[in-house]
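Hi there,

Here is the structure I promised to pass on to you. Have a look at it first, and my notes on it follow just below.

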Amino acid sequence: MLKKTLLVILVVGIGIQFVPVPTNQNDEVLKTDFFQHIEAPINIQTMVESSCYDCHSNNTNYPWYGRVRPFVWFLQKHIREGKDDLNFSTFQEYSGRMQREKIRSVISQLRDGKMPLEEYLWMHSEAKLSLAETARLIDFFENLNTQ
Amino acid sequence: MKRVLFAMGFAALIVSCGSTKKDETTSEKKAEPVAKSSKAAAVENPNGNALTPVLDAYLDVKDALVNDNQEGAAKAGGTLAVALGSLDLSAFPAGQQKELKDIVEVAKNHGEHISESEIGHQREHFEALSKDIKDLAGIIGTDRTLYHQFCPMYDGNKGGMWLSANEEVRNPLFGSSMLKCGRVEEVIKL
């Protein structure tokens with residue numbers, strides 16, 4: 001009985017690897033990308049790209065398990081929801097008013113320590129922001145919105 | 001002619017000053033159309049009515065937040081999003097439609113967030129939303145007198161604003177913890 005169950009799990013486990021999953025990757029940086037229009041110090045850009053872009057842009061840097069079903073399905077869901085709320089790759093497509101709102105929301109999320117998501121950081125320790133880094137990011141975004 | 005109308009309005013104000021405060025506001029309302037008719041009331045009034053469901057829902061959110069009522073604010077936030085969605089923008093001049101569409105999009109987003117957040121988050125969205133509603137009323141016009149109120153203590157002393165239909169301050173950004181913090185910055189009239 002146990003053997004049979006294991007066999008079923010194995011067969012299904014291998015089988016689902018063949019279910020196609022669209023990837024969120026794009027080699028070119030779009031003209032509408034946030035950093036194509038906004039001047040930022042390179043360390044700020046690096047921080048935003050490494051801590052936010054996996055779920056908030058058209059270009060995800062997938063982890064090793066990022067091709068393994070079913071994990072990839074969870075990732076895709078997170079990415080879809082993340083991009084729905086904020087997509088840095090198409091930031092310039094937002095109206096000016098919406099851009100200010102997105103930035104306001106980014107500041108609020110950073111201040112509350114809600115982003116990057118806790119679950120995301122379990123597997124992405126490199127994306128974790130120190131308090132000082134968070135403060136620098138908040139400063140940067142606040143300056144944008146008062147301009 | 002203008003002078004006569006103004007004098008009449010002024011007289012009405014003076015007469016009402018002797019009575020209670022409530023009478024003062026009602027007589028102001030009565031005097032208002034008289035003063036306006038010398039300008040362009042015909043353009044502004046029909047449009048102002050278009051905003052009635054939006055303002056009703058917005059003020060419901062505000063009242064709920066004044067009472068620290070998360071559930072009430074959530075419900076009114078949902079109503080607000082629907083009301084904004086059913087605004088017929090094609091009825092407005094082509095030159096204003098882009099701006100109106102942008103405002104409605106952002107304001108609707110706030111309404112939706114208010115309908116599903118905890119109260120601190122609701123208040124953040126409400127504060128940002130208030131600026132959009134004020135801009136909306138600035139373009140479309142309003143069906144009632146609105147008081148732009150401001151509390152300098154909100155958001156770590158950066159300050160925050162909202163609109164109220166009453167002159168008396170009841171703070172929706174703090175609720176019961178700071179109910180009377182705030183002042184009237186501007187009166188937006190019919």
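**B:Arg123 and the A–B interface**

Let me start with one side chain: a polar atom of the B:Arg123 side chain sits 3.4 Å from the backbone oxygen of B:Leu173. Please keep in mind that this is a predicted model.

B:Arg123 belongs to helix H7 (residues 119–140) of chain B. Is B:Arg123 buried or exposed? Its relative accessibility is 10%, and because buried means under 20%, B:Arg123 counts as buried. Leaving aside residues up to four places away in sequence, B:Arg123 touches B:Leu65, B:Asp68, B:Tyr154, B:Pro172, B:Leu173, B:Phe174 and B:Gly175. So B:Leu173 turns up twice here, as a residue that B:Arg123 touches and as the owner of that backbone oxygen, with B:Arg123 itself counted as buried.

Now to chain B as a whole. Chain B has eight helices and three strands, and from the N terminus on their order is α-α-α-α-α-α-α-β-α-β-β. Of its 190 residues, 42% count as buried. If you take the contacts in chain B with a separation of 6 or more, 63% of them come from residues 24 or more positions apart. The area that chain B exposes is about 9,900 Å², and 56% of it is supplied by carbon and sulfur atoms.

Next, the place where the two chains meet. Eleven residues of chain A are in contact with 17 residues of chain B. About 1,100 Å² is buried between chain A and chain B, with carbon and sulfur atoms giving 41% of that area. Which residues of chain A lose the most area to chain B? They are A:Arg97, A:Met98 and A:Arg104, and together they make up 50% of what that side buries.

The polar side of the interface may interest you too. Between chain A and chain B the count is six salt bridges. One of them joins A:Glu142 to B:Lys158, where the closest N and O atoms are 3.3 Å apart. There are also eight residue pairs in polar contact between the two chains, counting pairs with both residues at pLDDT 80 or more. On the side of chain A that touches chain B, helix H5 (residues 96–111) of chain A gives the largest share, seven residues. By type, the residues on that side divide into seven charged, three polar and one nonpolar.

Happy to go through any of this with you.

Best wishes

Technical notes
Residues numbered from 1 in each chain as written. Chains lettered and ligands numbered in written order. Predicted model: local features only at pLDDT ≥ 70, side-chain atom pairs only at ≥ 80, totals over all residues. Heavy atoms only, no water. Contact = heavy atoms within 4.5 Å. Buried area = accessible area lost by both parts, 1.4 Å probe. Salt bridge = Lys/Arg side-chain N within 4 Å of Asp/Glu carboxyl O. Polar contact = N/O pair within 3.5 Å; in protein donor to acceptor, adjacent residues only side chain to side chain. Helix = DSSP H or I, 4+ residues; strand = E, 2+ residues; numbered from the N terminus. Nonpolar A, V, L, I, M, F, W, Y, C, P; charged D, E, K, R; others polar. Buried < 20%, exposed > 50% of the residue type's maximum accessible area, 1.4 Å probe, protein only. Areas by Shrake-Rupley, 256 points an atom, 1.4 Å probe, with all protein chains shown as cover.
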